[in-house]
Each structure stands twice: as structure tokens, then as C-alpha cells.
Amino acid sequence: MPALLTIALQTPRRVAFVDITTEVERARRELPLAEGALLVYVPHTTAGVTINENADPSVRADIEMTLDRMVPGDLPYTHREGNADAHVKASLMGASVTVPVAGGRLLLGTWQGVYFAEFDGPRRRQVVVVALPARTD
Amino acid sequence: MPALLTIALQTPRRVAFVDITTEVERARRELPLAEGALLVYVPHTTAGVTINENADPSVRADIEMTLDRMVPGDLPYTHREGNADAHVKASLMGASVTVPVAGGRLLLGTWQGVYFAEFDGPRRRQVVVVALPARTD
Amino acid sequence: MPALLTIALQTPRRVAFVDITTEVERARRELPLAEGALLVYVPHTTAGVTINENADPSVRADIEMTLDRMVPGDLPYTHREGNADAHVKASLMGASVTVPVAGGRLLLGTWQGVYFAEFDGPRRRQVVVVALPARTD
């Protein structure tokens, strides 16, 4: 059985929080992992991953807006590719989340979803999911 | 033996960094885990978890103050529940920390403690602790 | 075989992003880990670790500049040691990253490197690396 799986996605805009909860749950089933944790890892430097509210999409819009305020696009950056803000936001969100798994299901909280955080799209992107088993003795 | 344990806590204010280091160490003993890492996971969307200074409580006050400056409560948020700032702060701190374990103890640095970061309390909250064993062959 | 290894480093300035990718890869070989994930953990409270662009050093300079703008050194902090900003930045970057390992190599993206994020140097620092194996049955 595989130790990890890859999820491919197409992001729709320059900045977008894309719900990948269903894809992460499918990866858990296919690995499969019953007890432990899933590492959800983004191998890019202008995107990250975060866990937040799954019900009201306005929360994602508010995170985008606040990150833009904290990391404006027009600061005197030295990186010349025009996406320095995307690199900074990627480090603020982080390159991975780790989600507990028990009884064969993701232990996300009631209101939690997993979001791919695109900061320099639209692009084809990948997410790596690794099964980390808990002790079962 | 269980693969994970849950810590329950009551947070005291709207915004509060609650020291849960003792509870995390107790979870390590009860699981028990001797070598590997503990995943400390917050299943909420208006709270997070972070590792920082365990000696001087003013550090937590300074983190609260700086996060308030970065994510003010009165921005033109679209989320209508009055806690949009709490969601943004939760993603900035993150939903989990992972702490090394060796020789049957948490490898926290001398000055490190584990803090539940409440941004929309006071509330009853939970923290999930998962034992991830290291290779022992 | 050991479950974890420690990397020692000397940081060069008060604020510096030090590339530790080579040291992390060496730790992977020495542990050794073929399939799973490496936890890269910083046991300090005025430094963190992040994953970002490995090609253009201006990206690290831009992250330093933006963090300084978000967390200025001259806010009315209550922590009296003159390094309150360093504590806040440490929590924003985080105390650990977790990197997938498959086929005996780190699954960092093409442009990703692992950076020790010093915010109160120059100092002697340590990084703990823990091997977390994937399921291999």
C-alpha cells in the first residue's frame, strides 16, 4: 500500500482559498489510515494550507482581506518577480497542516475544513498527503 | 492502549493564552509515548495553539496586543458573527503544534510552554493529542 | 538506530533566515528514514522555522522586512528584555515544519528550502529532527 498520495488541483484566481477537505478524506481512505494523523503538505512557495471555517465562505474572504492588509502588494520588495507578497503569505499560513485520524475518520472539528491557500494563481498545484500511524500496541 | 486523548479546558476571557503544558505532558504519559512526537490539535476555528515563553507572562500579553494590531476587530469584515478577527488569528497561529518526545519526555526547550490560543472565548474547548511513534528498529 | 538527531548552528545576525536544507537532508540519511515525514523542531522562543524559496535570497529579505512592518520593534511591549518582537515573530512562523519523505528523499518542492528563522541573534541554536515513519504494511 502507498505511504503517500498526491492531490492535483487547479486554482481559480490569483488569491483563493480552495476547499480540499473532500480530497483529503479520500486520500485517507485510499492510503488507508485508521489511527494516527494525516500530513497535508504543499510543495510550493507561493501557496500554503490552513484549517478554518467550513460553513460561511465570508470567513475565507476576510482572511484574504486581512492578509492583504498585513502584506500589501506594493511594499518595496526586492524580489523582482512581482509575487513577493505571495511568498510572505505562504510562510504566514505554513506549508502543512496535520489532522488527527481515529476510528477511520478525520477528526476535524464540526466547523473545520482544510483549505489550499493560493496566493499567486491561477495555477496547477499539488498537495502531498502522508499517513502517519499512531501506536497501536 | 489509546492512540489519542482529549484535553478539555475552559478559557477565561475573549482572548487568552492558556498554558496547557502540564496537560500535554500528562497525555504523553497516559498514551504512553516514549520516542516520537505528540501532535497537539485544536478542533476549533476561532482558537489555535502555539509554543512560546513559559516564564514571563508578559510575552503572551505582547503576542495578544500585536495580533490585535495586525488583525483589528473593526475591519470591514463580511463574516456577520462579530468574530471574524478570531478566525484570522486562528489561521495565523495554526491549528496544531507537534512536539518531539525522547526518553519518555517532551523535548520542549528550557523556556518553551504549549499555549492554547483563545480568540473568541470564554468557552469550553477541547484539544486532541495524538501519539506519533518514531522508528525504533 | 536513533529516533532523533540534533543540528547545531550559529546564526549570523539579530534577524536572519539560515538555510538548513542540507543539514535536514543529512539528518534524514543518518536516522535513516525512507518513507514518512521528518519533524524539524526549534526548541527556542525567539526563533522559528519556515519553508520558502531556495533560489532567490531576496525572498528571505522580503519576509524579514514584512515581519518587521507587522511586528515593529518599538511597540509598547510589556516584556522587558527588549526582544518581545522576536517572540511574536517566532509564533507567526511556528516552532516546527514537517516534510514528507518518500523513496529515501525529502519531498521538498523544486523551489523549497528549509529556513531557520532567527529573530534575536546572533546565537548558538539547535534544531531537533525526528523521523516519523509512514505505514509500510
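**Three-fold copies, a buried Asp and a cavity**

Me: What rotation superposes chain B on chain A?
Reply: A 120° one, with 0.0 Å of shift along its axis and an RMSD of 0.0 Å. The two copies are thus related as by a three-fold rotation axis; the fit is least squares on C-alpha atoms of residues with pLDDT of at least 70 in both. This is a predicted model, where local features need pLDDT of at least 70, side-chain atom pairs count only at pLDDT 80 or more, and totals for chains, interfaces and linings use all residues. Side-chain values use heavy atoms, leaving out hydrogens and water.

Me: How do you know that the copies meet through different surfaces?
Reply: Only 15% of the interface residues of chain B are also interface residues in chain A, so the surfaces differ.

Me: Why does Asp85(B) count as buried?
Reply: Buried means under 20% relative accessible area (1.4 Å probe, protein chains only). Asp85(B) has 4% relative accessibility, so it counts as buried.

Me: What is Asp85(B) in contact with, leaving aside its neighbours within four places in sequence?
Reply: Arg14(B), Val71(B), Pro72(B), Gly73(B) and Tyr77(B), where contact means heavy atoms within 4.5 Å.

Me: What makes a set of points a cavity?
Reply: On a 1 Å grid over the protein atoms alone, a 1.4 Å probe fits there but cannot get out. Three cavities of 30 Å³ or more turn up, and the largest holds about 540 Å³, a volume being the space filled by probe spheres set on the points.

Me: Which residues lie nearest the centre of the largest cavity?
Reply: Of its 40 lining residues (an atom within 4 Å of a point), those are Ser96(A), Met93(B), Gly94(B), Ser96(B) and Ser96(C).

Terms used
Residues numbered from 1 in each chain as written. Chains lettered and ligands numbered in written order. 1 Å grid on protein atoms, 1.4 Å probe; cavity = no way out; pocket = protein on both sides within 12 Å on 5 of 7 lines; lining within 4 Å. Buried < 20%, exposed > 50% of the residue type's maximum accessible area, 1.4 Å probe, protein only.
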